[in-house]
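Let us walk through this protein chain step by step, beginning with its interior and then turning to its surface. Please keep the sequence and the three-dimensional view side by side as you read.

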Amino acid sequence: MKFICLLHETARPTAEPPVELFAAIGAVGAASTADGSLIEVGGLLPISTGAVVTLADGAVTTTDGPFVEARELVGSYAVYDVADAGAAAKKAADFLEAHRSSWPGWEGWIEVRAVMEAPSGAPGLDA
């Protein structure tokens, strides 16, 4: 089953992450690549560089960033193919452990969400 993990940052002790963090994240990624569970990873720019498209009261509206209500940064994501939500949560915990051990004072959380996959043969949804 596929899960997407979204990293949310709530406290950043320094403007730039330390180089040790990149090494720790690399080790976590290498382990997940070696066990075949890592499908995709990527960094995300702040929401201020994007837009929010909303459907409300029958109207579709687009609001460009920046957004005053945005208090957290979603900094990166990873997609894993693992047995269940517990295995995905373990991957997320390993990633946060890399932050805890390499960037003291950094705080955040990871949203772990199952990816809904279209039924085989669904029109327009085949990969």
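In this predicted model, the largest nonpolar core is made up of 16 residues, and those with the most contacts inside it are C5, L7, Y80, V82, F95 and I110. Two or more residues of this core come from each of the elements β1 (2-11), α1 (19-34), β5 (73-81) and α2 (85-102), and it is α2 that gives the most, with four residues. Such a grouping fits a broader tendency, for in soluble globular proteins nonpolar side chains tend to be buried together.

To see how one member of the core is surrounded, consider I110, which touches C5, L6, L7, A92, F95 and L96 when residues up to four places away in sequence are left out of the count.

Helix α2 also holds two residues that are worth setting side by side, namely H99 and E97. Is H99 buried or exposed? H99 counts as buried because its relative accessibility is 3%, which is under the 20% that marks the limit for a buried residue. Leaving aside residues up to four places away in sequence, H99 touches L7, L21, I25, P104 and W106. E97, by contrast, has a relative accessibility of 36% and therefore counts as partly exposed, and its side chain is joined to that of R100 by a polar contact of 2.5 Å.

From E97 we can move to another part of the chain, since the C-alpha atoms of E97 and D57 are separated by 43 Å, with the two residues lying 40 apart along the chain. D57 is found in the loop between β3 and β4 (59-64), and with a relative accessible area of 85% it is exposed. What is the phi of D57? Although D57 is not a glycine, its phi is positive, at about 55 degrees. For comparison, most residues other than glycine have a negative phi.

Not every nonpolar residue is hidden away in the interior, as the surface of this model shows: V53, L55 and V60 form a nonpolar patch there, with about 340 Å² of accessible area together. Of these, V53 has its place in strand β3 (residues 51-56), and V53 counts as exposed because its relative accessibility is 57%, a value over the 50% that an exposed residue must pass.

Notes: Residues numbered from 1 in each chain as written. Predicted model: local features only at pLDDT ≥ 70, side-chain atom pairs only at ≥ 80, totals over all residues. Heavy atoms only, no water. Core = buried A, V, L, I, M, F, W, Y, C linked by side-chain atoms within 4.5 Å. Buried < 20%, exposed > 50% of the residue type's maximum accessible area, 1.4 Å probe, protein only. Contact = heavy atoms within 4.5 Å. Patch = residues over 30% accessible without salt bridge, like charges linked within 9 Å, V, L, I, M, F, W, Y side chains within 5 Å. Areas by Shrake-Rupley, 256 points an atom, 1.4 Å probe, with all protein chains shown as cover. Salt bridge = Lys/Arg side-chain N within 4 Å of Asp/Glu carboxyl O. Polar contact = N/O pair within 3.5 Å; in protein donor to acceptor, adjacent residues only side chain to side chain.
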